[in-house]
Amino acid sequence: RGLTFRTMSIILLSFMSLFPSLAGWAGTLSYLAAYFLLSTNKLKAGQSKYHVLNIVGAAGLTCNALMLQDYPNIIVNVCWGLIAGWAIFNIQQGRKN
């Protein structure tokens, strides 16, 4: 018979309520991976990959903090992501010169 509109709505609402938590965990894992890889010399701060992991972490934790209305975490993670984006921009500019 297929999925009814009501069933599809329940599934969508369940996912919508679960998404910020999943994004938060993905952000946490991304931050931890970036720090671990930097600390073990697998990545360098001058590599875009390191900063991409930080942007992913910032985005995930910002999404989670928005849902929780946790404004200090929103501010710190948005700033963290902007700094990482600025670093990538500078790395790319250095490659052009």
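How many helices and how many strands are there in the protein chain? There are three helices and zero strands. Read along the sequence, the pattern is α-α-α. The model is predicted.

**Confidence**

The mean pLDDT of the protein chain is 93. A value of 70 or more is reached by 98% of the residues. Among the elements, helix 1 (residues 5–39) has the lowest mean pLDDT, at 90. Helix 2 (residues 48–68) has the highest, at 97. Where pLDDT is low, predicted coordinates should not be read in detail.

**Overall dimensions**

The radius of gyration of the protein chain is 17 Å. A compact globule of 97 residues would have a value near 13 Å. The C-alpha trace spans about 60 × 35 × 25 Å along the principal axes of the chain. Of the 97 residues, 26% count as buried.

**The aromatic pair**

The count of aromatic pairs comes to one. Its members are Tyr31 and Trp80, in an edge-to-face arrangement. The ring centres are 5.6 Å apart, and the planes stand at 65 degrees. That angle is over 60 degrees, the cut-off for edge-to-face, so the pair is classed that way. Tyr31 belongs to helix 1 and Trp80 to helix 3 (residues 71–96). The pair therefore ties together parts that are 49 residues apart in sequence.

Are the two partners buried or exposed? Tyr31 is buried, with a relative accessible area of 17%. Trp80 counts as partly exposed, at 42% relative accessibility. The reason for the first label is the cut-off: buried means under 20%, and Tyr31 has 17%. Trp80, at 42%, falls between the 20% and 50% limits, so partly exposed is its class.

**Buried positions and their contacts across the sequence**

Ala34 is found in helix 1. Its relative accessible area is 1%, so Ala34 is buried. Val52 is 18 residues away from Ala34 in sequence. In space, the C-alpha atoms of Ala34 and Val52 are 8.8 Å apart.

Asn54 sits in helix 2. At 4% relative accessibility, Asn54 counts as buried. Tyr35 and Asn54 are 19 residues apart along the chain. Their C-alpha atoms are separated by 8.9 Å.

**A nonpolar surface patch**

Which residues form a nonpolar patch on the surface? They are Leu12, Phe15, Met16, Leu18, Phe19 and Leu22. Together they have about 600 Å² of accessible area. One of them, Met16, lies in helix 1. Met16 has 52% relative accessibility and counts as exposed. The limit for exposed is over 50%, so Met16 at 52% meets it.

**Loop residues with positive phi**

Asn41 has a positive phi although it is not a glycine. Gln69 also has a positive phi and is a residue other than glycine. The table sets out both.

| Residue | Phi | Place | Relative accessibility |
|---|---|---|---|
| Asn41 | about 60 degrees | loop between helix 1 and helix 2 | 56%, exposed |
| Gln69 | near 55 degrees | loop between helix 2 and helix 3 | 55%, exposed |

Where does Asn41 lie? Its place is in the loop between helix 1 and helix 2. Gln69 is in the loop between helix 2 and helix 3. Asn41 counts as exposed at 56% relative accessibility. Gln69 counts as exposed at 55%.

**In brief**

The chain follows the pattern α-α-α. Its radius of gyration is 17 Å, against near 13 Å for a compact globule of 97 residues. Tyr31 in helix 1 and Trp80 in helix 3 form the aromatic pair.

Terms used
Residues numbered from 1 in each chain as written. Predicted model: local features only at pLDDT ≥ 70, side-chain atom pairs only at ≥ 80, totals over all residues. Heavy atoms only, no water. pLDDT = per-residue confidence, 0-100. Helix = DSSP H or I, 4+ residues; strand = E, 2+ residues; numbered from the N terminus. Phe/Tyr/Trp six-rings, centres within 6.5 Å; stacked < 30°, edge-to-face > 60°. Buried < 20%, exposed > 50% of the residue type's maximum accessible area, 1.4 Å probe, protein only. Patch = residues over 30% accessible without salt bridge, like charges linked within 9 Å, V, L, I, M, F, W, Y side chains within 5 Å. Areas by Shrake-Rupley, 256 points an atom, 1.4 Å probe, with all protein chains shown as cover. Salt bridge = Lys/Arg side-chain N within 4 Å of Asp/Glu carboxyl O. Rg over C-alpha atoms; globule rule 2.2 N^0.38 Å.
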